[in-house]
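These are my notebook entries on one structure. I set down what I looked up, topic by topic.

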Amino acid sequence: QLACCCGTAACSLCCKCCPKIKQSTSTRFMYALYFILVTIICCVMMSTTVANEMKTHIPFYKQMCEGIQAGEMCEKLVGYSAVYKVCFGMACFFFLFFLFTIKINSSKSCRAYIHNGFWLIKLILLAAMCSGAFFIPDQDTFLNAWRYVGATGGFLFIAIQLILLVEFAHKWNKNWTAGANHKQMWNGLLALVTLILYSVAAAALVLMALFYTRSEGCMYNKVLIGINGGLCLFVSLVAISPCVQNRQPHSGLLQSGVISCYVMYLTFSALSSKPSETILDENNQNITICVPEFSQGLHRDENLVTGLGTTILFGCILYSCLTSTTRASSEALRGIYATPETEVS
């Protein structure tokens with residue numbers, strides 16, 4: 001166990017019951033585990049319920065917060081600003097190892113040994129970086145600058161999620177289509193799953209139109225729902241067009257169905273995050289529009305978005321770390337299928 005945590009030995013040495021996996025897979029799994037651990041800590045920091053429970057059940061909570069200089073009621077350790085600081089430390093940690101592993105062509109090199117081991121030391125380094133972010137001077141300037149970095153990173157991460165979903169749907173469609181050559185049952189399952197995906201996307205589109213729009217106002221919501229619904233229809237038509245089928249024979253409605261569901265989730269996320277609009281009713285009183293009536297004051301739609309986003313996030317992370325990085329999988333995104341699967345270093 002010491003050899004795994006503090007040295008370069010494989011983590012399978014820690015427990016005999018661990019399955020035998022490739023060193024590259026175990027390394028991806030450990031880095032994903034670090035990422036998930038920090039993400040859970042961030043979720044706890046953002047939760048007002050957890051903060052209130054800590055105030056209620058921890059003795060001498062106020063004195064403890066003042067002792068560690070975290071504010072009178074530990075304001076510096078909760079909320080979005082604390083999450084920004086923790087994520088800044090995590091981003092620095094992964095960026096450091098990104099630079100450290102550039103031009104590594106063999107797992108026998110010295111840098112590869114460090115990359116594939118020393119997990120306890122890396123955990124201590126990650127904790128130190130996340131903690132050190134709380135001591136950055138001029139916090140207001142840092143938070144304002146980090147918001148733009150976060151927005152850019154969020155855009156790139158959505159693009160990465162789309163690539164992973166396309167690759168996953170491609171493999172899924174390819175495997176079930178190959179199975180249909182032996183049993184027609186796979187064709188039926190493929191059609192059933194595709195129908196379910198489009199039913200979910202269509203139902204989400206209708207529900208968003210019902211709950212987030214009204215006859216007067218909500219123009220932004222109407223435009224957003226209409227454009228994204230039209231784009232999903234356009235992508236579906238492109239996926240089955242003759243020119244695409246000739247170039248990519250494994251393309252089909254399954255891929256576009258997966259992407260349509262993901263686009264509906266992103267649309268729902270945007271609508272729930274948008275500030276609510278107010279208008280004057282016939283009694284000259286302000287009323288809130290363009291939000292579901294059941295969510296007013298309860299944030300149920302925001303909680304649902306958070307739950308769905310966390311599930312998709314963890315699913316993509318686990319898929320990317322458990323799936324081997326192969327030339328065939330990367331070339332599949334460009335429509336090349338003849339290359340045999342060989343692992344990239």
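Before reading any span, I fixed the term helix: a helix is a DSSP run of H or I that holds at least four residues. I also noted that the model is predicted.

**Entry 1. Annotated spans.** I took the "transmembrane region" annotation from the unreviewed UniProt entry, where the ranges include 29-51, 148-168, 189-213, 219-240 and 252-271. I then checked two of these ranges against the model. Residues 29-51 are 96% helix and 0% strand, with 31 Å between the end C-alpha atoms. For residues 252-271 I found 95% helix, 0% strand and a distance of 29 Å between the end C-alpha atoms.

**Entry 2. Nonpolar cores.** Which residues have the most contacts inside the largest nonpolar core? I found Met208, Met264 and Leu271, in a core of 22 residues. The elements that give this core two or more residues are α8, α9 (185-211), α10 (219-239) and α12 (253-273). Of these, α12 gives the most, with nine residues. I followed Met208 further: leaving aside neighbours within four places in sequence, Met208 is in contact with Thr213, Ile225, Met264, Thr267, Phe268 and Leu271. I also recorded a second, separate core of 15 residues, which includes Met45, Met90, Trp119 and Leu126.

**Entry 3. The pair α10 and α12.** I looked up how these two helices lie against each other. Their axes come within 9 Å and cross at roughly 170°. Because angles over 145 degrees count as roughly antiparallel, I describe α10 as roughly antiparallel to α12. On the α10 side, the residues that meet α12 include Leu224, Ile225, Asn228, Gly229 and Cys232. On the α12 side, I noted Ser256, Ser260, Val263, Met264, Thr267 and Leu271 among the residues met.

**Entry 4. Tyr198.** I located Tyr198 in helix α9. Its relative accessibility is 23%, so I class Tyr198 as partly exposed. Leaving aside neighbours within four places in sequence, I listed its contacts as Ser236, Leu253, Ser256, Gly257 and Ser260. I also looked up the separation from Cys232: the two residues are 34 apart along the chain, and their C-alpha atoms are separated by 9.9 Å.

**Entry 5. Salt bridge.** How many salt bridges does the structure hold? I found one. The side chains of Lys171 and Glu167 form it, at 3.5 Å from N to O. Both residues lie in helix α8 (residues 139-180), four residues apart, which is about one turn of the helix. Are the two partners buried or exposed? Lys171 counts as partly exposed because its relative accessibility is 22%. Glu167, at 10%, counts as buried, since the cut-off for buried is under 20%.

**Entry 6. Positive phi.** I looked for residues with an uncommon backbone angle, since most residues other than glycine have a negative phi. Lys103 has a phi near 65°, a positive value in a residue other than glycine. I placed Lys103 in the loop between α5 (80-100) and α6 (110-115). With a relative accessible area of 70%, Lys103 is exposed. Phe118 likewise is not a glycine and has a positive phi, of about 60°. I found Phe118 in the loop between α6 and α7 (119-132). Phe118 is partly exposed, with a relative accessible area of 23%.

Technical notes. Residues numbered from 1 in each chain as written. Predicted model: local features only at pLDDT ≥ 70, side-chain atom pairs only at ≥ 80, totals over all residues. Heavy atoms only, no water. Salt bridge = Lys/Arg side-chain N within 4 Å of Asp/Glu carboxyl O. Buried < 20%, exposed > 50% of the residue type's maximum accessible area, 1.4 Å probe, protein only. UniProt positions renumbered as here; feature names shortened; annotations may be inferred. Core = buried A, V, L, I, M, F, W, Y, C linked by side-chain atoms within 4.5 Å. Contact = heavy atoms within 4.5 Å. Axes fitted to C-alpha atoms, helices over the stretch in contact; angles between N-to-C directions. Parallel < 35°, antiparallel > 145°, perpendicular 65-115°, else oblique.
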